[in-house]
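Me: I'd like to go through this one with you before I set anything up. Can you take my questions as they come?

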Amino acid sequence: MLYPQYFSQIHVVAPPGSYNGDTLFTLAGKPVPIKHFIVKRLALGDWIFGDAEVVVPFGPFAQGRNYDGLIGRNALSHFNLMFDYQNRLLWFKPIDAGSK
């Protein structure tokens, strides 16, 4: 999920018909309008994801966030995460394909 203020900075050009309106429900059960996009190349540090699906929420829920977005389980399923709380870092270690 990419929040609108970040999504507008990456200049994704969506050809006609490449997104559709949909609704996401928050944990509180409130509906949030979203649009789906396919990003041809999405970098997460040194890792590149091709044809990554992102959703962009619209409306009051998505405004004024102090972060860029959320990384979903599809991307995270390729990594073991290591949290360094003392230094406020998150390390991504690729999972060996043979160990999945």
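Me: How many bridges join strand S4 to strand S5, and which way do the two run?
Reply: This is a predicted model, and in it strand S4 (residues 79-84) and strand S5 (residues 89-94) run antiparallel, joined by six bridges. As one example of the register, Asn80 has Lys93 in S5 as its bridge partner.

Me: And what sits between S4 and S5?
Reply: Four residues lie between the two strands, which form a hairpin, and in the turn Arg88 has a positive phi of about 55 degrees.

Me: Zooming out, what is the order of elements along the chain?
Reply: Starting at the N terminus the order is α-β-β-β-α-β-β, which comprises two helices and five strands.

Me: Switching to aromatics, how many pairs are there?
Reply: Searching the whole structure gives four aromatic pairs. One of them is Phe7 with Phe37, whose ring centres are 4.7 Å apart and whose planes are at 40 degrees, so the pair is tilted. Phe7 belongs to helix H1 (residues 4-7) and Phe37 to strand S2, so that pair, 30 residues apart, links distant parts of the chain.

Me: Why tilted and not stacked?
Reply: Because the angle between the planes is 40 degrees, whereas stacked rings would need planes under 30 degrees apart and edge-to-face rings over 60.

Me: Are those two rings buried or exposed?
Reply: Phe7 counts as buried at 12% relative accessibility, and Phe37 counts as buried at 7%.

Me: What about the pair of Phe49 and Phe79, how are their planes set?
Reply: Those planes are at 70 degrees with the ring centres 6.3 Å apart, so the pair is edge-to-face. Phe49 lies in strand S3 and Phe79 in strand S4, and the two residues, 30 apart in the chain, link distant parts of it. Both Phe49 and Phe79 are buried, and together with Phe92 they form one aromatic cluster.

Me: Which residues make up the largest nonpolar core?
Reply: That core has six residues, namely Leu2, Phe7, Phe37, Val39, Val54 and Val56, and the elements giving two or more residues to it are S2 and S3. As a general background point, nonpolar side chains tend to be buried together in soluble globular proteins.

Me: What does Val54 touch?
Reply: Leaving aside residues up to four places away in sequence, Val54 touches Leu2, Phe7, Lys35, His36, Phe37, Val39 and Leu42.

Me: On to charges: which side chains meet in a salt bridge?
Reply: The structure holds one salt bridge, in which the side chains of Lys40 and Asp51 meet at 3.6 Å, N to O. Lys40 is in strand S2 (residues 31-44) and Asp51 in strand S3 (residues 47-57), and this pair, eleven residues apart, links distant parts of the chain.

Me: Why does Lys40 count as exposed but Asp51 as partly exposed?
Reply: Lys40 has a relative accessible area of 65%, and Asp51 is at 48%. Exposed means over 50%, so Lys40 passes that cut-off and Asp51 does not.

Me: Last thing, what are the totals for burial and accessible surface?
Reply: Buried residues make up 19% of the 100 residues in the chain, while the accessible surface comes to about 7700 Å², with 57% of it belonging to carbon and sulfur atoms. Of the contacts with a separation of 6 or more, 36% are between residues 24 or more positions apart.

Notes:
Residues numbered from 1 in each chain as written. Predicted model: local features only at pLDDT ≥ 70, side-chain atom pairs only at ≥ 80, totals over all residues. Heavy atoms only, no water. Salt bridge = Lys/Arg side-chain N within 4 Å of Asp/Glu carboxyl O. Buried < 20%, exposed > 50% of the residue type's maximum accessible area, 1.4 Å probe, protein only. Pairing = 2+ DSSP bridges. Phe/Tyr/Trp six-rings, centres within 6.5 Å; stacked < 30°, edge-to-face > 60°. Core = buried A, V, L, I, M, F, W, Y, C linked by side-chain atoms within 4.5 Å. Contact = heavy atoms within 4.5 Å. Areas by Shrake-Rupley, 256 points an atom, 1.4 Å probe, with all protein chains shown as cover.
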